[in-house]
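Work through the exercises below with the sequence and the structure open beside you. Try each task before reading its solution.

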Amino acid sequence: MFAWLWPWSKAPVEECPVPSKPVIPVEPPKAPPVVVAPPPAPPTYPAPDLKDPYYAYRPLFNLMGKSEGTDKHRGYNETLGYGAYTGGDVDLVAMTLGEIDKLQTKMLAHPRNATNSSALGRYQIVRTTLRALKKALSIPDTIHFGVKTQDLMCLTLLNQRGLAKYLLGTLSEDKFMLEMAKEWASIPTPAGHGFYSNQSRTPVSPAQVRAVYAEVKRRIKG
């Protein structure tokens with residue numbers, strides 16, 4: 001027999017050791033609450049203006065109004081130098097294209113017109129370009145140089161510079177920006193400067209132009 005099986009055995013009885021201090025149960029540290037950031041709010045866009053036939057392209061029009069500086073004053077009625085070569089402000093939208101041609105000829109003949117430019121309207125179209133647009137669009141001289149006429153001419157110039165090809169994906173964004181910089185000196189090239197040698201700085205940046213391109217694409221997709 002094993003001695004420890006008997007109660008009278010003199011073998012020592014092992015017991016759990018008694019701690020010198022009472023053991024106080026300690027709760028394990030709680031993990032910090034997981035904070036889930038709310039999803040970012042979707043960007044807000046203006047509601048489509050169903051009355052505007054150029055709603056999808058309006059951001060490009062507004063870009064030119066900003067870069068050309070015309071929206072700072074009279075917009076569609078603005079002339080080169082803010083009236084410096086037309087004897088003051090002129091209501092261009094109330095004039096026919098025939099009258100506009102005469103006004104531009106007068107601007108070119110102005111003795112202080114060192115730039116030899118006849119740019120006018122919101123998109124600062126010069127006489128040579130305006131004459132070419134009239135021919136391309138078959139617009140008679142009796143038509144007024146109003147808002148719709150100026151917008152149509154701007155869109156035509158954009159398409160001539162590759163807007164449709166860009167939107168179809170057959171012309172790169174950088175190439176389209178470069179073409180726009182050739183038409184409007186206030187638009188930067190992808191490198192961030194003007195296309196022409198006398199245009200080292202532009203009022204808008206390539207990033208601003210790219211943002212406008214993105215908005216036009218969004219509007220077209222609906």
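The exercises that follow concern a predicted model.

**Exercise 1. The chain as a whole**

Task: State how many helices and strands the protein chain has, and what share of its residues is buried.

Solution.
- Step 1. The protein chain contains 7 helices and 0 strands.
- Step 2. Read along the sequence, this gives the pattern α-α-α-α-α-α-α.
- Step 3. Of the 222 residues in the protein chain, 38% are buried.
- Step 4. Take the contacts between residues at least 6 apart in sequence: 54% of them join residues at least 24 apart.

**Exercise 2. The span of helix H2**

Task: Compare the expected span of helix H2 with the distance between its end C-alpha atoms. Then find which helices its buried residues pack against.

Solution.
- Step 1. Helix H2 covers residues 97–108, which is 12 residues.
- Step 2. The expected span is 1.5 Å times one less than the number of residues, so for H2 it comes to 16 Å.
- Step 3. The end C-alpha atoms of H2 are 16 Å apart, which agrees with the expected value.
- Step 4. The buried residues of H2 are Leu-97, Gly-98, Ile-100, Asp-101, Leu-103, Gln-104 and Met-107.
- Step 5. These buried residues pack against helix H3 (127–137) and H4.

**Exercise 3. The last helix in the numbering, H7**

Task: Repeat the span comparison for helix H7, and list the helices that its buried residues pack against.

Solution.
- Step 1. Helix H7 (residues 206–221) has 16 residues, with 22 Å expected at 1.5 Å a residue.
- Step 2. From its first C-alpha to its last, H7 reaches 23 Å, close to the expected value.
- Step 3. Pro-206, Val-209, Val-212, Tyr-213, Glu-215, Val-216 and Arg-219 are the buried residues of H7.
- Step 4. Their packing partners are H1, helix H5 (163–168) and helix H6 (173–183).
- Step 5. Just after H7 comes Gly-222, with a positive phi of about 80°.

**Exercise 4. How H3 meets H4**

Task: Classify the packing of H3 with H4 from the angle between them, and describe the residues in contact.

Solution.
- Step 1. H3 and H4 pack at an angle of about 90°, and their axes are 11 Å apart.
- Step 2. Angles of 65 to 115 degrees count as roughly perpendicular, so H3 is roughly perpendicular to H4.
- Step 3. On the H3 side, the contact has Thr-129, Leu-130, Leu-133, Lys-134 and Leu-137. On the H4 side, it has Leu-152, Met-153, Thr-156, Leu-157 and Gln-160.
- Step 4. Sorted by class, the contact has 6 nonpolar, 3 polar and 1 charged residues.
- Step 5. Consider Thr-129 in H3. Leaving out residues up to four places away in sequence, Thr-129 touches Leu-157 and Glu-183.

**Exercise 5. Gln-150**

Task: Decide whether Gln-150 is buried or exposed, and find the backbone atoms that its side chain reaches.

Solution.
- Step 1. Gln-150 sits in helix H4 (residues 147–160).
- Step 2. Its relative accessible area is 1%. The limit for buried is under 20%, so Gln-150 is buried.
- Step 3. A polar atom of the Gln-150 side chain lies 3.0 Å from the backbone nitrogen of Arg-122.
- Step 4. The side chain of Gln-150 also reaches the backbone oxygen of Phe-145, at 3.1 Å.
- Step 5. Not counting residues up to four places away in sequence, Gln-150 touches Tyr-76, Val-93, Gly-121, Arg-122, Tyr-123 and Phe-145.

**Exercise 6. Loop residues**

Task: Compare the phi angles of Tyr-82 and Gln-124, then place Ile-125 in its surroundings.

Solution.
- Step 1. Most residues other than glycine have a negative phi.
- Step 2. Tyr-82 has a positive phi of about 55°, and Gln-124 has a positive phi of about 50°. Neither Tyr-82 nor Gln-124 is a glycine.
- Step 3. Tyr-82 lies in the loop between helix H1 (58–67) and H2, and at 39% relative accessibility it counts as partly exposed.
- Step 4. Gln-124 lies in the loop between H2 and H3, and at 14% relative accessibility it counts as buried.
- Step 5. Ile-125 is also in the loop between H2 and H3, and counts as buried at 4% relative accessibility.
- Step 6. Beyond its neighbours within four places in sequence, Ile-125 is in contact with residues including Gln-104, Leu-130, Leu-133, Met-153 and Leu-157.
- Step 7. Ile-125 and Cys-154 are 29 residues apart in sequence, and their C-alpha atoms are 8.6 Å apart in space.

Key
Residues are numbered from 1 along each chain as its sequence is written. This is a predicted model: local features need pLDDT of at least 70, side-chain atom pairs count only at pLDDT 80 or more; totals for chains, interfaces and linings use all residues. Side-chain values use heavy atoms; hydrogens and water are left out. Helices (H or I, at least four residues) and strands (E, at least two) are DSSP runs, numbered from the N terminus. Buried means under 20% relative accessible area, exposed over 50%, partly exposed in between (1.4 Å probe, protein chains only). A polar contact is a pair of N or O atoms within 3.5 Å; within protein, one must be able to donate a hydrogen and the other to accept it, and residues adjacent in sequence count only if both atoms are side-chain atoms. Contact means heavy atoms within 4.5 Å. Axes are lines fitted to C-alpha atoms, for helices over the stretch in contact, and angles run from 0 to 180 degrees between N-to-C directions. Angles under 35 degrees count as roughly parallel, over 145 as roughly antiparallel, 65 to 115 as roughly perpendicular and the rest as oblique. Ala, Val, Leu, Ile, Met, Phe, Trp, Tyr, Cys and Pro count as nonpolar, Asp, Glu, Lys and Arg as charged, and the others, Gly among them, as polar.
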